[in-house]
Amino acid sequence: MESTTSKLRFERSGYYFIGLVGLALLGFWPSYFAKFFDGTADFRFYFHFHAFMVSLWIACLITQPILIKKKKFEIHRIIGKLSYVLMPLVFISVILLSHYRIQDHVLIQGNEKLYGPHLLLSFKDLLILGTFYSIAIAYRNNVHIHARAMVTTGIVFIEPALGRVVFKILNIGSAGYLLTIGLIYSLLVGLIIVERKEKQGRWMFPLVLGLYIFFHSLLIFEIRIGLWETFATWFATLPLTN
């Protein structure tokens, strides 16, 4: 892969994703990691499976750019091919965990159970992750697009970790969600500004920002889509977890 002349040095992105590890540890410490130390860890398999798969993906995001920087192209290609297995496993882990937890987050309106909002909260990340991973694979021979798409698959994991920092560590109430997505939007807008003069791949960050705005608008303004609610109800009744 040729090096990019972008102002954003994507071969250094692996070092930045080390910060994502710290954010995840901080955000999930009270609800997950700390429980292994106080003896209250009674999680089902789905939690551990999800944590392990996401950890492997973040490890790839850290390792792959470093391998490029060090010109270890063959190892980079091997790990890239392994992602064809790892990414579906990440998807499966999210699907199983979402299914296991969906009954705890159902909204009751009259006699109607609404599963859609909770499912959209997790599935929006899958849709964005799948979109940009597909772009990364389709453009694997174009460093400008491939690198940006892979970076975006890492940005997807910021919201779940950051949201838990805001809610559980900083104890910010109902405005916490708006603060969380505001920080993510600020990051993306900053990337768009830095990338504004690039000739290739600069559409990547506006695309992910647009997707976030669309999905967040559905959640914040409680916009109900009948087809999605039907799918969510069907999903909740599947015998996937117990």
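## Aromatic pairs

In this predicted model, 19 aromatic pairs are present. One of them joins Tyr 32 and Phe 43 in a tilted arrangement, with 4.8 Å from centre to centre and 45 degrees between the planes. Tyr 32 and Phe 43 both lie in the loop between H1 and H2, and 11 residues separate them along the chain. Tyr 32 has a relative accessibility of 12%, so it counts as buried. Phe 43 is also buried, at a relative accessible area of 18%, because the limit for a buried residue is under 20%.

A second pair is formed by Phe 47 and Tyr 100. Its geometry is edge-to-face, with 85 degrees between the planes and 5.9 Å between the centres. This pair links distant parts of the chain: Phe 47 belongs to helix H2 and Tyr 100 to helix H3, 53 residues apart. With a relative accessible area of 25%, Tyr 100 is partly exposed.

## One aromatic cluster

The residues of both pairs belong to one aromatic cluster, in which Tyr 32, Phe 43, Phe 47 and Tyr 100 are joined by Trp 29, Phe 33, Phe 36, Phe 37, Phe 45, Tyr 46 and Phe 49.

## Helix H3

Helix H3, which carries Tyr 100, is made up of 29 residues. From its first C-alpha to its last it reaches 41 Å, close to the 42 Å expected at 1.5 Å a residue. The helix nevertheless bends by about 40 degrees at Tyr 84, and a proline, Pro 88, follows within four residues.

Several H3 residues are buried. Among them are His 76, Ile 79 and Ser 83, and further along the helix Leu 86, Met 87, Val 90, Leu 96, Leu 97 and His 99.

## The largest pocket

The largest pocket has a volume of about 1600 Å³. Its lining consists of 47 residues, and those nearest its centre are Phe 28, Arg 101, Pro 160, Ala 161 and Arg 164. Helices H1, H2, H3, H4, H6, H7 and H8 each give two or more residues to this lining. H1 spans residues 13–28, H3 spans 73–101 and H6 spans 158–169.

Helix H4 gives the most to the lining of the largest pocket, with eight residues. By residue type, the lining of this pocket divides into 29 nonpolar, 10 polar and eight charged residues.

Technical notes
Residues are numbered from 1 along each chain as its sequence is written. This is a predicted model: local features need pLDDT of at least 70, side-chain atom pairs count only at pLDDT 80 or more; totals for chains, interfaces and linings use all residues. Side-chain values use heavy atoms; hydrogens and water are left out. On a 1 Å grid over the protein atoms alone, a cavity is a set of points where a 1.4 Å probe fits but cannot get out, and a pocket is an open set with protein on both sides within 12 Å along at least five of seven lines; lining residues have an atom within 4 Å of a point. Grid points are joined across faces, edges and corners, and a volume is the space filled by probe spheres set on the points. Ala, Val, Leu, Ile, Met, Phe, Trp, Tyr, Cys and Pro count as nonpolar, Asp, Glu, Lys and Arg as charged, and the others, Gly among them, as polar. Rings of Phe, Tyr and Trp (its six-membered ring) pair if their centres lie within 6.5 Å; planes under 30 degrees apart count as stacked, over 60 as edge-to-face and the rest as tilted. Buried means under 20% relative accessible area, exposed over 50%, partly exposed in between (1.4 Å probe, protein chains only). The expected span of a helix is 1.5 Å times one less than its number of residues. The bend at a residue is the angle between axes fitted to the seven residues ending there and the seven starting there.
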